[in-house]
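Welcome! Please take a moment to look over the sequence and the 3D structure shown here before reading on.

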Amino acid sequence: MSERPDWVQIGIWGDSIIHGGRDTVMGGWVTRLKMYCVSRQLGDHIFNLGLGGNNSTEVRNRIDAEIVARTVHIDHAFVSVGVNDITNKSKLTSPEVYEENLQRIIEIIRARGKSPHLLTMTPIQRALEEWHQYNDIIVRTAKTCKAGLIDLRRCDLTEHTADGVHPDAAGHEKIFQDVKAQLLAQGIIPAESEV
């Protein structure tokens, strides 16, 4: 647990959208979340563990060691993965393997005593049929495995991606605002009146 009961301690795993490389203003929505928590004196333990190109298998293979390395600084582990599973030709993953990967990721997080959460994929402008199918898998897996869920399917990034997938700075700001609102509503980040 955190050193202070009001500190927010989160690790966020995923791909290039988590990494935030296309955001030339602040380096992505995860950095914005960290700075928001720092500005509210909720600690600086928001870890960006996004790696460009990662699919669900790669996140599954690395998450345990990365949780162990930060074990006293993470209470909640969030995973946002899927875009490479459906769009990257060298990393395509079947729906069955994708679901197994998510279930295994949740098991790993729980085995390390952390609270697991899944994020749906933000809207993209290609592989739309698969995007819907795999987001349905995320929602179903979160429910079945009793994991937390941050739903980003309605975050409108239509005018905020250079390539139909990767958000620009304004897109990352929209994602941050959406994630922050859901974290506040779920009590993962304390309301401003509580600190």
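The report below walks through a helix, some strands, several salt bridges and one serine.

## A first word on the model

Please keep in mind that this is a predicted model.

## Helix 2 and its buried face

Let us begin with helix 2, which covers residues 29–39. Its buried residues are W29, V30, R32, L33, Y36 and C37. Looking down the axis of helix 2, you would find these buried residues within an arc of 160°, so they line one face of the helix.

What do the buried residues of helix 2 pack against? Their partners are strand 1 (9–14), helix 1 (16–19), strand 2 (45–50), strand 4 (115–119) and helix 7 (169–185). After helix 2 comes Q41, which has a positive phi, near 60°.

## Strand 4 and its neighbours

Strand 4, one of the partners of helix 2, is itself mostly covered, with four of its five residues buried. It is joined to strand 3 (residues 76–80) by four bridges, and these two strands run parallel. If you would like to find this pairing in the structure, look for H76, which stands opposite S115 of strand 4.

Strand 4 also pairs with strand 5 (residues 148–150), through three bridges and again in parallel. Here H117 stands opposite G148 in strand 5. To get from strand 4 to strand 5, the chain passes through helix 6 (residues 128–144), making a right-handed β-α-β crossover.

## Salt bridges

How many salt bridges does a search of the whole structure find? The search gives nine, and a few of them are described here. One of them links D163 with R22, whose closest N and O atoms are 3.4 Å apart. D163 sits in the loop between strand 5 and helix 7, while R22 sits in the loop between helix 1 and helix 2, so this pair ties together parts that are 141 residues apart in sequence. D163 is partly exposed, at 30% relative accessible area, and R22 is also partly exposed, at 43%.

Another salt bridge stays within one helix. R104 and E107 meet through their side chains, at 3.3 Å from N to O. Both belong to helix 5 (residues 95–111), and being three residues apart there, they are separated by about one helical turn. R104 has a relative accessible area of 39% and counts as partly exposed; E107 is partly exposed too, at 45%. Elsewhere, salt bridges with shared partners join D23, R32 and E173 into one network.

Within that network, D23 and R32 form a salt bridge whose closest N and O atoms are 2.2 Å apart. Are D23 and R32 buried or exposed? Both are buried. You have met R32 already, as one of the buried residues of helix 2.

## S56, a buried serine

The last stop is S56, which you can find in helix 3 (residues 56–69). S56 has a relative accessibility of 0% and therefore counts as buried.

Which residues does S56 touch, leaving aside those up to four places away in sequence? They are V81, D85, T93, Y98, N101 and I105. With D85, S56 also makes a polar contact: their side chains are joined at 2.7 Å.

Technical notes
Residues are numbered from 1 along each chain as its sequence is written. This is a predicted model: local features need pLDDT of at least 70, side-chain atom pairs count only at pLDDT 80 or more; totals for chains, interfaces and linings use all residues. Side-chain values use heavy atoms; hydrogens and water are left out. Buried means under 20% relative accessible area, exposed over 50%, partly exposed in between (1.4 Å probe, protein chains only). The arc is that of the directions from the helix axis to the C-beta atoms. Contact means heavy atoms within 4.5 Å. Two strands pair if DSSP finds at least two bridges between them. A crossover is right-handed if, with the strands pointing away from the viewer, the path from the first strand over the helix to the second runs clockwise. A salt bridge is a side-chain nitrogen of Lys or Arg within 4 Å of a carboxyl oxygen of Asp or Glu. A polar contact is a pair of N or O atoms within 3.5 Å; within protein, one must be able to donate a hydrogen and the other to accept it, and residues adjacent in sequence count only if both atoms are side-chain atoms.
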